[in-house]
Amino acid sequence: MNPRRKKRLSIALVIIIGLGTMTGLVLYALKQNIDLFYTPSQLVEGLGEDKVKPEIGQRLRIGGLVMPGTVTRNMEDLKVSFVLSDDNGGLVTLEYEGILPDLFREGQGIVAQGVLKSANVISASEVLAKHDEEYMPPEVAEAIKGIKHMKPEYGNETK
Amino acid sequence: MTDDEKKKKPLITADEKKKKQLMTRLIPLIVFLCVSAFLYIGLFRDATVLESTFIGRPVPEFALNDLVEPELQHDKSVLTGQPMLLNVWATWCPTCYAEHKYLNELAEDGVYIVGMNYKDERSKALRWLEELDNPYKISLYDPDGMLGLDLGVYGAPETFFIDSKGIIQFKHVGDINPRNWNGELKAIYEQLK
Amino acid sequence: MIPEIGHFSLIVATALSFLLAIYPLIGAKINHPGMINSAKPLAIMQFLLMSLSFAVLAYAFATDDFSVGYVATNSNSLLPIQYKISAVWGGHEGSLLLWSLTLAIWTAAVAVFSQGIPKVALARVLSVMGMIAIGFNLFILLTSNPFDRTLPYLPLDGNDLNPLLQDIGLIFHPPMLYMGYVGFSVAFAFAIAALMAGRLDSAWARWSRPWTLIAWVFLTSGIALGSWWAYYELGWGGWWFWDPVENSSFMPWLAGTALIHSLAVSEKRGVFKSWTVLLSISAFSLSLLGTFLVRSGVLVSVHAFASDPARGLFILAFLIAVVGGSLLLYAVKGSEIKSRGKYSLFSRETFLLMNNVLLIAALLVVLIGTLLPLVHKELGMGSISIGVPFFNNIFFYMIIPLAIALGVAPLLRWKKQEADLRPLFKQLAVCAVASIVLAVALPAIFADKIKIVAVVGFALAFWVIITSSLEVYIRATHRHSFVSGVTKLGRSHWAMVLGHVGLAMMLIGISATQNYKIEKDLRMLPGDEVVFADYLFEFERIGEANGSNYEGYKAVFNISKDGKFETVMKAEKRSYFAQRSMPMTEAAIDWGVTRDLYIALGEQLADDSWAIRIYYEPFIRFIWWGGLVMSIGGLLAVSDRRYRFVNKRVAKAQSLGQE
């Protein structure tokens with residue numbers, strides 16, 4: 001093999017190995033970090049046609065409406081639990097410790113990230129309520145009703 | 001192998017090489033076009049610009065129970081006789097909540113509004129009306145979205161403008177607020193008369 | 001009446017951009033001097049009209065002209081004047097106008113400060129920029145006119161600016177970011193013009209380089225500023241969230257960083273030209289993609305603007321026209337790009353190429369992470385989100401080869417290293433050992449636990465700093481004594497050193513905060529005390545604190561360490577009158593070189609106690625200081641003598657040689 005070929009071959013090898021490692025790494029990291037989105041009903045009944053239910057200990061995201069009257073605060077610390085609902089009857093309890101977002105309130109749509117603790121209890125690591133009073137996560141509206149939710153017009157439309 | 005052939009061979013490969021190079025340089029373009037295809041679909045995932053095909057047509061036939069009095073059944077006759085708004089709402093819809101206060105004001109100003117509670121639970125809906133006041137002259141209860149389907153409802157809130165002959169003249173998607181009511185919707189409502 | 005002047009001058013500016021896009025280009029084609037020379041006055045006129053248009057909108061804000069719809073939705077008579085001005089770009093329409101103005105500024109700047117460039121080449125460049133201006137100006141006029149009136153239903157007062165945006169950081173963040181985004185249009189225009197003319201030489205790289213550097217400086221400082229803003233304004237104590245909006249500014253930055261390096265190689269060595277052209281196109285395309293993602297609402301984000309498919313469609317069409325067109329041009333005309341010059345495997349070229357590849361790989365990772373949820377959903381596989389650890393993990397693995405190569409590359413020679421590599425390897429080995437020792441020592445001093453991930457990060461940072469110092473030393477003592485040698489190093493040399501040291505500082509900050517940050521949510525009554533990372537926090541009292549357009553609470557904390565009083569921290573919670581439903585957290589931050597203390601006030605709980613969130617963030621300032629140092633490096637590179645007055649004689653000789 002002449003030196004030029006050798007050089008090319010080594011460059012090609014480095015690129016292929018590099019690409020391979022990268023792809024492997026990305027796929028692995030993706031597998032670890034893709035969090036499927038559920039609504040309370042989907043969590044209870046299973047997702048999609050196969051009715052796939054998440055396993056206990058699985059990381060997931062859940063979105064729904066905070067059931068009025070279910071928010072209970074622990075008196076000693078910042079532990080809080082509340083029930084998320086959608087209108088298909090699914091009820092899921094969320095447990096969270098920490099400060100709830102400024103916009104968290106009963107009846108509001110929220111999205112939470114967490115780990116499934118038992119069939120319908122989630123230990124949430126993060127609770128999000130968007131900085132928008134009328135905001136309902138589109139995923140929530142869409143998944144709950146199979147239809148789309150409209151954003152209110154004022155504030156972003158000027159016509 | 002003759003000298004001629006020797007000369008020809010690299011020529012062909014040079015040509016092929018050029019072609020190959022062109023293909024390589026086309027890769028970014030192809031990748032980009034694939035990405036834009038997904039962006040395009042993503043853009044219209046929320047089909048908020050869909051026009052209702054029911055505008056200019058009479059209200060479809062239906063039979064729905066009353067929200068407040070479950071025994072009472074309504075049909076399309078309740079949507080004829082005078083200009084009115086048919087407001088589609090649900091308790092799971094925060095925008096409806098935002099809109100509700102203004103609907104109360106409109107009702108006080110004498111606007112005739114019929115409510116259609118959409119894919120909702122009766123008990124929740126009744127509690128909502130109790131707490132927030134009831135702007136609706138008649139409240140239809142459409143738990144399965146049957147009429148909603150016939151009307152081409154694809155979101156909440158939505159408001160249909162119906163004239164006295166029971167013909168749908170206009171559909172407003174999204175909430176009604178002082179700005180858009182005074183802007184254009186009021187004029188449309190006036191024209192129904 | 002005055003708003004109409006703004007609207008009208010915007011229309012005229014749009015007409016001028018049409019002229020600019022067509023006239024000089026035809027002139028360049030048929031070699032008509034008059035048409036070629038028209039590019040400069042057209043560019044300047046366009047800039048003046050855009051400025052007038054923008055000034056009119058700012059005036060409408062300053063005078064509370066709520067008959068203009070955009071003013072009514074984004075301002076309020078109670079708003080302090082500086083926020084009235086920054087509110088001009090607080091919403092969709094105004095920020096687009098700012099974008100267009102920025103483009104006009106860049107176009108005019110290129111027209112005025114490019115004496116060294118042949119007029120024909122300049123005409124083509126300005127024409128390409130005119131084409132981009134057409135797209136944006138039409139976008140504003142057709143879908144998002146900020147001058148639309150609300151007449152006859154004039155609101156009495158405005159909706160107020162989003163309280164999140166009422167902040168000094170947000171006055172500067174968007175203009176900086178836009179200067180960066182739009183600045184890449186210059187590199188783009190140079191690349192396209194060169195492709196059109198079929199002439200890509202090192203002169204092209206030299207013309208394009210200073211512009212690209214300025215754009216990169218703006219983008220770098222814009223992103224750093226945004227990150228700083230998120231840190232102290234959002235009240236989450238974080239500095240980067242891998243949010244789609246952040247990602248869409250990070251992608252052009254990665255492409256731009258690769259581009260400034262690749263341009264350097266193309267200018268000095270005449271190689272990688274095809275790659276450089278592709279990067280020029282990519283950097284600007286990613287800026288446009290970012291705009292699309294933010295404006296169209298395709299991706300759900302914390303700070304997405306109002307979503308509107310009509311606007312999204314316009315930008316998408318524009319995106320396809322600009323990016324698709326230029327990539328097609330690249331595919332067809334690319335064969336004319338010829339790179340001369342050979343280099344061996346162990347040369348500076350190879351290492352720069354390697355870093356370029358790694359930067360692009362990083363870019364692809366961000367792109368995948370940002371767009372995958374969209375693709376996943378379109379394919380009917382359900383809604384997903386990509387967790388932050390995805391980005392963090394991959395970036396951790398990718399920064400390792402990147403930082404190692406970054407340390408080695410400046411020590412290598414262009415083209416080919418001497419046959420005997422042993423002295424170099426010896427030096428590198430010493431540097432490596434020193435970095436690892438320092439990396440273990442640092443956490444041993446300030447923290448009580450040594451974490452491997454953090455040590456790797458610190459080691460990489462020290463590696464970059466030490467090899468950079470070594471390089472400066474070698475370069476300085478090459479012919480002179482160290483002291484006189486150091487003063488003789490060119491500005492662009494210092495630029496490189498600062499750029500790399502800035503990155504190292506960032507690495508220190510990131511490794512320290514990611515691994516040693518302490519965060520705690522507490523329930524506290526006034527009078528309560530808590531010990532936290534060696535600090536004693538005393539919740540002294542809480543009282544009302546009202547401002548001109550908000551009312552709120554202010555909590556006062558006394559901080560002491562080892563029994564000694566350190567400081568008082570005041571955390572606030574505000575509720576703005578116009579948007580009552582959006583309470584805002586104003587965090588209290590006590591900053592320091594080695595650590596920040598951060599207190600955010602949560603909600604009031606049942607028994608007069610409050611939810612309080614406290615953070616201890618070691619070395620977090622290094623992240624933004626690193627960004628600042630990188631930006632200063634970029635500025636130094638631009639101010640290098642080579643670019644100050646592009647050498648007329650050289651340019652003339654070149655243009656004579658090629659015309």
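Visitor: How many bridges link strand β3 and strand β7 of chain B?
Guide: This is a predicted model, where local features need pLDDT of at least 70, side-chain atom pairs count only at pLDDT 80 or more, and totals for chains, interfaces and linings use all residues. Residues are numbered from 1 along each chain as its sequence is written, with chains lettered from A and ligands numbered from 1 in the order in which they are written. Strands are DSSP runs of E, at least two residues, and helices are runs of H or I, at least four, numbered from the N terminus; two strands pair if DSSP finds at least two bridges between them. Strand β3 (residues 84-89) and strand β7 (residues 158-162) of chain B run antiparallel, and their bridges number five.

Visitor: Which residue of β7(B) is the bridge partner of B:L86?
Guide: β3 and β7 sit side by side in the open sheet β2-β1-β5-β4-β3-β7-β8 of chain B, which has mixed pairing. In β7(B), B:L86 is matched by B:F160.

Visitor: Which strands of chain B stand at the edges of that sheet?
Guide: Look for strands with a single partner, because one side of each is then left without a neighbour in the sheet. That gives β2 (73-74) and β8 (168-173) of chain B.

Visitor: Is C:I11 buried, exposed or partly exposed?
Guide: C:I11 belongs to helix α1 (residues 2-30) of chain C. With C-beta atoms placed from the backbone, 20 or more others within 10 Å means buried, 12 or fewer exposed, and in between partly exposed. C:I11 has 14 within 10 Å, so C:I11 is partly exposed.
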